[in-house]
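Hi,

Here is the structure I promised to pass on. Please have a look at it first, and my notes follow just below.

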Amino acid sequence: MIQMTGNNLPHPSLTPRTVAETALTLTQFMQPEHSNSLGNVHGGVILKLCDECGGIIASRHARRPAVTVTVDSVTFHQPVLLGRLVFVHGQITWVGRTSIEVELRVEAENLLTGEITHTNSAYFIYVALGEDRKPTPVPELLLQTEEERQRFAEGQRRQEARLARRHDGKQRTPRPTSDTAANPA
Ligand SMILES: CC(C)(COP(=O)(O)OP(=O)(O)OC[C@H]1O[C@@H](n2cnc3c(N)ncnc32)[C@H](O)[C@@H]1OP(=O)(O)O)[C@@H](O)C(=O)NCCC(=O)NCCS
């Protein structure tokens, strides 16, 4: 969650924002503490960077604290190696009433050759919170290009699929019966 300090947050404007206004690239050099003994960077390190980048973008759009509600389609295309310079590029693809989808693309640069490899892709979804810590409306996304309109429509379809999965998951979650609660395995 991106924290914003201060008890009285300014009331954010709901004026629509463009994708470009909040797009961001985070950069981090991969050190020994980021990797395993083979020199491969831990997946969790990459996910943390993605969440950090996506959270900043969502908060920039909403001008509110934003919490991660789900992570979708994380792919590790190539390993990230120790000593690489990692770029996490993030941009908003879709917004709902209170939720925001951010697309993350991770690239790793070999400093000795200049070669850049696309290593990861993911969508992180955030919900903006009001002062009562409940979901609060976010500005609309001002779509400026045909590509942005297409990405928005794809984001809408992904969100519908996520909500359908959430509904299914909730129905399938096993609940302890009085028997299993009394006699856990
Ligand atoms: C995020 C949270 C506030 C949402 O609460 P909730 O009671 O599910 O809220 P709602 O049902 O009103 O949903 C709020 C929005 O989230 C979306 N949402 C909820 N669950 C979702 C899921 N699994 N996938 C995608 N979107 C989801 C809803 O569609 C809604 O979006 P919309 O307003 O744009 O239509 C709550 O689940 C929470 O606090 N989770 C923990 C967050 C956290 O700790 N994250 C890690 C640290 S940052």
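Let me start at the end of the chain: over residues 180-185, pLDDT (the predictor's confidence in each residue, from 0 to 100) stays under 50. For that stretch the model has 1 contact beyond four places in sequence, where a contact means two residues whose C-beta atoms, placed from the backbone, lie within 7 Å. For the protein chain, the mean pLDDT is 91, with 87% of residues at 70 or more.

Two notes on reading this. This is a predicted model, so local features need pLDDT of at least 70 and side-chain atom pairs count only at pLDDT 80 or more, while totals for chains, interfaces and linings use all residues. Residues are numbered from 1 along each chain as its sequence is written.

The protein chain has 4 helices and 7 strands, taken as DSSP runs numbered from the N terminus (helices: H or I, at least four residues; strands: E, at least two). Along the sequence they follow β-α-β-α-β-β-β-β-β-α-α. Of the contacts with a separation of 6 or more, 74% join residues 24 or more positions apart.

I also looked at proline 139, in the loop between strand 6 (116-128) and strand 7 (141-142). Proline 139 is partly exposed because 18 other C-beta atoms lie within 10 Å; 20 or more would make a residue buried, 12 or fewer exposed, with C-beta atoms placed from the backbone. Beyond its neighbours within four places in sequence, proline 139 contacts Leu14, Thr15, Pro16, Arg17 and His61. Its C-alpha atom is 9.3 Å from that of arginine 63, 76 residues away along the chain.

Best wishes
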